[in-house]
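Open the model in your viewer and keep the selection tool at hand. We will walk through it stop by stop, and at each stop you will hear what to select and what is there.

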Amino acid sequence: MKYETAPAEKSTVKVTMTFDAAEWAEANNQAYVKNRSKYAVNGFRKGKVPKHVLETFYGKGLFYEDALNLLYVQHYGEVLEKEKDHFTAVGDPSLAVDDITDEKVVLIATIPVKPEVKIEKYKGIKIKKVEYTVTDADVEKEIENTRDRLAEKIEVTDRAAKNGDTVTIDFVGKADGKEFEGGSAENYDLTLGSGTFIAGFEEQVVGMKLGETKDVNVTFPEDYQAENLKGKPAVFTVTLHKITGKKLPELNDEFAKKVGSDSVEAYREKIKARLETSAKSKSRNETENSILSEIAKGATAEIPDAMVEAQEDYSLRNMEYNLMYQGVKLDDYLSYIGSTREEYKKNFEEEARNTVLQQLVLEKIIELEKITATEKEIDAKIEEQAKSVGKSAEEYKKTLDPRQRNYIENDIKVTKAFDFLEKNNEMYLESGEKPAAKKPAAKKTTEAKPATEKKETAAKHMTTTAKKEAGDKPKTTAKKKEN
């Protein structure tokens with residue numbers, strides 16, 4: 001096999017592979033041996049028909065497709081290995097037959113490759129630095145959340161419903177005087193104040209008494225996922241059957257021991273330390289994202305569609321996993337909103353393109369600054385990970401495959417790159433600003449995490465859509481449309 005490479009449009013490389021008569025004949029013979037058992041001809045046992053007889057009976061090109069596939073499978077990897085210093089494939093090639101005769105076959109593979117990125121500037125830039133601090137109020141809020149989670153549930157019969165209660169209700173929704181699909185449910189448990197239903201619903205249930213029936217008036221958001229309900233007023237007839245309140249445990253040393261601390265003060269210190277670790281990580285992640293976002297503004301790259309589509313697929317898979325953990329199938333969700341996987345994937349296109357560009361920018365900076373990870377640094381990281389799982393470094397090394405080691409090496413280089421960029425740019429703090437958390441696109445591909453969705457089909461029309469923006473943290477069960 002002989003081959004030639006040539007650059008093509010939009011970050012692709014065209015590889016022209018030419019196979020001579022002997023190679024083509026051998027591939028045809030292999031295809032015949034592989035497929036002959038599928039064919040029968042009168043006068044011959046099935047699987048024993050000679051090749052020339054099958055070609056006469058079914059046509060000369062009977063085995064061409066399989067023969068071409070065999071040549072591709074046998075030689076494409078060889079080409080990529082030989083050309084690895086010149087280009088990196090980032091997706092499957094498109095294949096075309098340029099010539100096919102008894103003497104030769106010419107197969108053309110058009111390969112999407114990692115593009116060259118041009119960076120206008122990556123040093124001496126003014127870039128926002130993000131810092132989160134932990135206050136005493138944050139610690140107390142976390143403690144109250146824990147008390148709330150461990151609270152004893154008690155049935156309430158002597159008062160009206162209030163925020164924090166879980167009420168069991170029936171509801172029937174109507175828009176334009178008609179019931180709509182998915183707008184009704186029976187014996188539905190709703191925690192008041194959780195913000196899980198569309199604006200105005202829960203507030204009007206507060207104050208209802210056992211056995212009471214009431215019309216709740218709401219308006220669906222303009223960006224609601226169901227076209228027939230966008231911006232429309234609706235009336236839900238709600239009947240309250242049960243009120244379940246909470247009795248919070250006392251905050252004392254006995255409570256502290258139940259949650260793994262010797263005293264309340266020790267518990268507070270433990271919570272504070274955990275929150276500070278989380279705040280430090282969040283600050284670092286958002287600062288890294290800020291750095292890459294700013295540098296990428298002056299960067300250009302001819303990104304092949306294959307890289308964007310791969311990132312879109314990654315985001316869609318993450319969305320599917322998040323829904324799965326919440327007991328919802330992605331296909332069911334997409335069916336409900338009237339979309340397909342391919343259509344919904346386009347929601348991630350812009351974010352995917354930005355993510356890919358930022359990844360390319362970081363890789364280019366690592367290359368330009370000759371940032372490396374030494375064996376000593378890799379071994380130290382391996383030892384750190386080994387300790388976290390209770391193993392010795394030697395034991396842990398035996399469990400690592402080459403991909404995991406490469407990941408560790410890359411993680412070290414990425415960390416060094418961000419340290420370099422922070423030192424070589426003008427980092428500033430914006431007082432009082434707390435931007436939404438987002439992971440750096442180049443360290444880990446961003447995720448599209450949908451808000452939780454319950455299984456009750458009767459309440460589907462109040463279910464939130466999956467968030468389009470990558471990296472959003474999944475919320476608890478939500479029935480409203482979130483922005």
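Which residue lies over the face of Tyr132? Select Tyr132 and show its side chain: Lys282 lies over the face of the ring, at 4.4 Å from the ring centre. For another example of this arrangement, select Lys126 and Tyr428; Lys126 lies over the face of Tyr428, at 5.3 Å from the ring centre.

**The whole chain**

Now zoom out. Please keep in mind that you are looking at a predicted model. Switch to a cartoon view, where the protein chain has 14 helices and 13 strands. Of its 483 residues, 39% are buried. If you take the contacts between residues at least 6 apart in sequence, 69% of them join residues at least 24 apart.

**The first strands**

Select residues 2-8, which are strand S1, and residues 12-20, which are strand S2. The two strands pair in the antiparallel sense, over seven bridges. To see two partners facing each other, pick Ala6, which stands opposite Lys14 in S2.

Next, look at the turn. S1 and S2 form a hairpin with three residues between them, and Lys10 in the turn has a positive phi of about 45°. Click on Ser11 as well, which lies in the loop between S1 and S2. Ser11 has a positive phi of about 55° although it is not a glycine. Is Ser11 buried or exposed? Its relative accessible area is 10%, so Ser11 is buried.

Add residues 104-112 to your selection. This is strand S4, which runs antiparallel to S2 and is joined to S2 by nine bridges. Here Val15 stands opposite Ala109 in S4.

**The start of the chain**

Step back to Met1, in the segment before S1. Met1 is partly exposed, with a relative accessible area of 24%. Which residues does Met1 touch, not counting those up to four places away in sequence? They are Met17, Thr18, Phe19, Glu23, His75, Glu78 and Val79. You can also draw a distance from Met1 to Trp24: the two are 23 residues apart along the chain, and their C-alpha atoms are separated by 9.8 Å.

**A bent helix**

Two of the residues touched by Met1, His75 and Val79, also appear among the buried residues of helix H3, so let us go there next. Select residues 64-82 to show H3, a helix of 19 residues. From its first C-alpha to its last, H3 reaches 27 Å, close to the 27 Å expected at 1.5 Å a residue. Where does H3 bend? Look at His75, where the bend is about 30°.

Now colour the buried residues of H3: Tyr64, Ala67, Leu68, Leu70, Leu71, Tyr72, His75, Tyr76 and Val79. An α-helix has 3.6 residues a turn, so residues three or four places apart point the same way. The buried residues of H3 pack against S1, S2, helix H1 (21-35), strand S3 (94-100) and S4.

**Aromatic rings**

Show the side chains of the aromatic residues. How many aromatic pairs does a search of the whole structure find? The search finds 20. One of them joins Phe171 and Tyr188: the pair is edge-to-face, at 5.8 Å centre to centre, with 75° between the planes. Phe171 lies in strand S8 (residues 166-175) and Tyr188 in strand S9 (residues 178-191), so the pair ties together parts that are 17 residues apart in sequence. Both Phe171 and Tyr188 are buried.

Then select Phe180 and Phe220. Their ring centres are 5.8 Å apart and their planes stand at 80°, so this pair is edge-to-face. Phe180 is in strand S9 and Phe220 is in the loop between strand S10 (213-219) and strand S11 (233-247), and the pair links distant parts of the chain, 40 residues apart. Phe180 and Phe220 are both buried.

To see the wider group, select Phe171, Phe180, Tyr188, Phe197, Phe201, Phe220, Tyr224 and Phe236, which form one aromatic cluster.

**The end of helix H11 and beyond**

For the last stop, select residues 349-368, which are helix H11, and find Ile366 in it. Ile366 is buried, with a relative accessible area of 11%. Leaving aside neighbours within four places in sequence, Ile366 is in contact with Ile371, Lys413, Val414 and Ala417. Ile366 and Ala417 are 51 residues apart along the chain, and their C-alpha atoms are separated by 6.2 Å.

Finally, pick Lys370, in the loop between H11 and helix H12 (375-388). Lys370 has a positive phi of about 55° although it is not a glycine. Is Lys370 buried or exposed? Lys370 is exposed, with a relative accessible area of 68%.

Conventions. Residues numbered from 1 in each chain as written. Predicted model: local features only at pLDDT ≥ 70, side-chain atom pairs only at ≥ 80, totals over all residues. Heavy atoms only, no water. Pairing = 2+ DSSP bridges. Helix = DSSP H or I, 4+ residues; strand = E, 2+ residues; numbered from the N terminus. Buried < 20%, exposed > 50% of the residue type's maximum accessible area, 1.4 Å probe, protein only. Contact = heavy atoms within 4.5 Å. Expected span 1.5 Å × (residues − 1). Bend = angle between axes of the 7 residues up to and from the residue. Phe/Tyr/Trp six-rings, centres within 6.5 Å; stacked < 30°, edge-to-face > 60°. Lys NZ or Arg CZ within 6 Å of the ring centre and 35° of its normal.
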